[in-house]
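Thank you all for making time this morning. I would like to walk through one model with you, going from its helices to its core and then to a few individual residues.

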Amino acid sequence: PVTILGASQKGREIAFKKSDPEGKNRYTWAVRHDTRTSDICKEIEHRVSVENQGNGVSLQRLNEILKDVSLKHNGQNWQYRDWTPHINCRSGLVRKF
């Protein structure tokens, strides 16, 4: 099953790939910081920031980070879906300028 957020993020991924077929652009995980922010999204944001000194990462690398952190927190039985690191996620894929 695909979530609404997952479908929206997949649409962004497709549009980003279409506008940048060489894969030169960099991306990050936009996190809403409030009392409901998950540890998963905080860790994703931190790892992306540390990995490339805050300059974002490739789409492929960002999805790898999401999957890695998602499985770490949700357990290996968690069925990861692209761009949906956890239930009720409010964060999202954005291009880094």
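Let me start with helix α1, residues 4-19, whose 16 residues should span 22 Å at 1.5 Å a residue, and whose end C-alpha atoms are 23 Å apart, which agrees. The expected span here is 1.5 Å times one less than the number of residues, and helices and strands are DSSP runs numbered from the N terminus, with H or I over at least four residues for a helix and E over at least two for a strand.

Before going further, I should say that this is a predicted model, in which local features need pLDDT of at least 70 and side-chain atom pairs count only at pLDDT 80 or more, while totals for chains, interfaces and linings use all residues. Residues are numbered from 1 along each chain as its sequence is written, and side-chain values use heavy atoms, with hydrogens and water left out.

Which residues of α1 are buried? They are G6, Q9, E13 and F16, where buried means under 20% relative accessible area, exposed means over 50%, and partly exposed lies in between, with a 1.4 Å probe and protein chains only. These buried residues cover an arc of only 85 degrees around the axis, which puts them on the same side of α1; the arc is that of the directions from the helix axis to the C-beta atoms. As a reminder, an α-helix has 3.6 residues a turn, so residues three or four places apart point the same way. The face of α1 turned away from that buried side carries the exposed residues I4, I14, K18 and S19. On the buried side, the packing is against β1 (26-30), α3 (59-74) and β2 (92-96).

Within this helix, I would draw your attention to E13, which counts as buried at 7% relative accessibility. Leaving aside neighbours within four places in sequence, E13 is in contact with L59, W83 and L93, contact meaning heavy atoms within 4.5 Å.

Turning to helix α2, residues 39-51, its 13 residues should span 18 Å at 1.5 Å a residue, and the end C-alpha atoms are 18 Å apart, in agreement. The buried residues of α2 are I40, C41, E43, I44 and V48, and, seen down the axis, they fall within an arc of 160 degrees, so they line one face of the helix. D39, H46 and V50 are exposed on the other side of α2, whereas the buried residues pack against β1 and α3.

Those of you who work with cysteines may ask how many disulfides the structure holds. A search of the whole structure finds zero, a disulfide being a pair of cysteine sulfur atoms within 2.5 Å. The cysteine sulfur closest to that of C41 is in C89, 3.6 Å away, which is too far for a bond. C41 is buried at 2% relative accessibility, and C89 is also buried, with a relative accessible area of 10%.

Now to the largest nonpolar core, which has 20 residues, and in which W29, I44, L62, L66, W83 and L93 touch the most other members. By a nonpolar core I mean a set of buried Ala, Val, Leu, Ile, Met, Phe, Trp, Tyr and Cys residues joined through side-chain atoms within 4.5 Å. The elements giving two or more residues to this core are β1, α2 and α3, and the largest share, six residues, comes from α3. If we follow L93 and leave aside neighbours within four places in sequence, its contacts include Q9, F16, Y27, W29 and L62.

Two of those contacts of L93, F16 and Y27, bring me to the aromatic rings. The count comes to one aromatic pair, using the rule that rings of Phe, Tyr and Trp (its six-membered ring) pair if their centres lie within 6.5 Å, with planes under 30 degrees apart counted as stacked, over 60 as edge-to-face and the rest as tilted. F16 and Y27 form this tilted pair, 4.9 Å centre to centre with 45 degrees between the planes. Since F16 lies in helix α1 and Y27 in strand β1, the pair ties together parts that are eleven residues apart in sequence.

Finally, there are two residues with a positive phi to look at. Q53, in the loop between α2 and α3, has a phi near 45 degrees, although Q53 is not a glycine, and Q53 is exposed with a relative accessible area of 64%. W83, in the loop between α3 and β2, has a positive phi of about 70 degrees and is likewise not a glycine, but W83 is buried, with a relative accessible area of 0%.
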